[in-house]
Amino acid sequence: MSYCCGASMVGTKGTLKHYRTQVHNVPLLFCPVCHRIEVHYKVENEYEILAEYAHGDGASEIDFQDYVMEDDDTIFENCVNRESEDAFEIVKRQIDMSLDLLTVAKQMNDEKWQGELKRRLAVMSQRRSRLQHNKSGS
């Protein structure tokens, strides 16, 4: 499981640009709090090699899925959430995990961690409110 800002990162697929080459369907980890994106660590080496070769060959775009044999379930098995899930449910789980961590931080008297968790909870609460509003407005 990967974390950023203390939130568990969401497993997804996306397109990354390596110089002039676009690599599609790259397994990624996405932070729902700060929106940081990174290549999933299980395929990081494969991505770097493939992107370098494609760039060296002058390819403008390639599909990562054509070259990597692992399936999505295997790659994303360690992710708490996946982008294909309901966004409201993802945010609720993120809030629940942050609240659990806040309890631990309070027990440890770690004020810095408590502050970080409270900021994260504020961001996730705003997102939950927007999603709830959009859900009821639809």
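Q: Which glutamate does the side chain of lysine 92 meet in a salt bridge?
A: This is a predicted model, so let's go by what its atoms show. Lysine 92 sits in helix α3, and its partner is three residues away in that helix, about one helical turn off. The N to O distance comes to 3.6 Å, and a salt bridge needs the nitrogen within 4 Å of the carboxyl oxygen. The partner is glutamate 89.

Q: Is lysine 92 buried, partly exposed or exposed?
A: Buried means under 20% relative accessible area and exposed means over 50%. Lysine 92 comes in at 34%, so that puts lysine 92 in between. Its partner glutamate 89 has 30% and gets the label partly exposed. For lysine 92, the label is likewise partly exposed.

Q: How far apart are the closest N and O atoms of arginine 36 and glutamate 38?
A: These two residues form a salt bridge, and the count for the model comes to two salt bridges. Arginine 36 is partly exposed at 37%, and glutamate 38 is partly exposed at 26%. Their closest N and O atoms are apart by 2.1 Å.

Q: What pattern do the helices and strands follow along the sequence?
A: Stepping back to the whole protein, there are four helices and seven strands to place. The C-alpha trace that carries them spans about 55 × 40 × 25 Å along its principal axes. Of the 138 residues, 35% count as buried. Read along the sequence, the pattern is β-β-β-β-β-α-β-α-β-α-α.

Q: How many bridges join β3 to β4?
A: Strand β4 covers residues 21-30, and it runs antiparallel to β3. Lysine 13 stands opposite proline 27 in this pairing, and valine 10 stands opposite phenylalanine 30. The number of bridges joining β3 to β4 is eight.

Q: Which residue takes a positive phi near 55° in the hairpin of β3 and β4?
A: Look at the loop, since this hairpin has two residues between the strands. The residue in question is not a glycine, yet its phi is positive. At 57% relative accessibility, the residue counts as exposed, because exposed means over 50%. The residue is tyrosine 19.

Q: In which loop does asparagine 109 lie?
A: Asparagine 109 is another non-glycine residue with a positive phi, about 55°. Its relative accessible area is 62%, so asparagine 109 is exposed. Its place is the loop between α3 and α4.

Q: Do β4 and β6 run parallel or antiparallel?
A: Strand β6 spans residues 61-63 and is joined to β4 by three bridges. In this pairing, histidine 24 stands opposite aspartate 63. The two strands run parallel.

Q: Which residue in β5 is the bridge partner of phenylalanine 30?
A: Strand β5 takes in residues 37-39 and pairs with β4 over three bridges, in the antiparallel sense. Phenylalanine 30 also has valine 10 opposite it, in the pairing of β3 and β4. Its partner in β5 is isoleucine 37.

Q: Which residue takes a positive phi near 70° in the hairpin of β4 and β5?
A: The stretch to search has six residues between the strands. It connects two strands that pair over three bridges. The residue with that phi is histidine 35.

Q: Which helices and strands each supply at least two residues of the lining of the largest pocket?
A: The lining includes Val10 and Thr12, and β3 covers 10-18. It also includes Ala87, Ile90 and Val91, along with Arg127, Arg130 and Leu131; α3 covers 87-107 and α4 covers 111-137. The elements asked for are β3, α3 and α4.

Q: How many residues of the lining of the largest pocket are charged?
A: Among the lining residues are Glu83, Glu85, Arg127 and Arg130, and Glu and Arg both count as charged. The rest of the lining divides into seven nonpolar and one polar. The charged group comes to four.

Q: Which domains each give at least three residues to the lining of the largest pocket?
A: About 230 Å³ of space lies in this pocket. Its lining includes Phe30 and Pro32 as well as Ile90 and Val91. One domain assigned here covers 3-82 and the other 87-137. Those contributing at least three residues each are domain 1 and domain 2.

Terms used: Residues are numbered from 1 along each chain as its sequence is written. This is a predicted model: local features need pLDDT of at least 70, side-chain atom pairs count only at pLDDT 80 or more; totals for chains, interfaces and linings use all residues. Side-chain values use heavy atoms; hydrogens and water are left out. On a 1 Å grid over the protein atoms alone, a cavity is a set of points where a 1.4 Å probe fits but cannot get out, and a pocket is an open set with protein on both sides within 12 Å along at least five of seven lines; lining residues have an atom within 4 Å of a point. Grid points are joined across faces, edges and corners, and a volume is the space filled by probe spheres set on the points. Domain bounds come from an automatic or database domain assignment. Buried means under 20% relative accessible area, exposed over 50%, partly exposed in between (1.4 Å probe, protein chains only). Two strands pair if DSSP finds at least two bridges between them.
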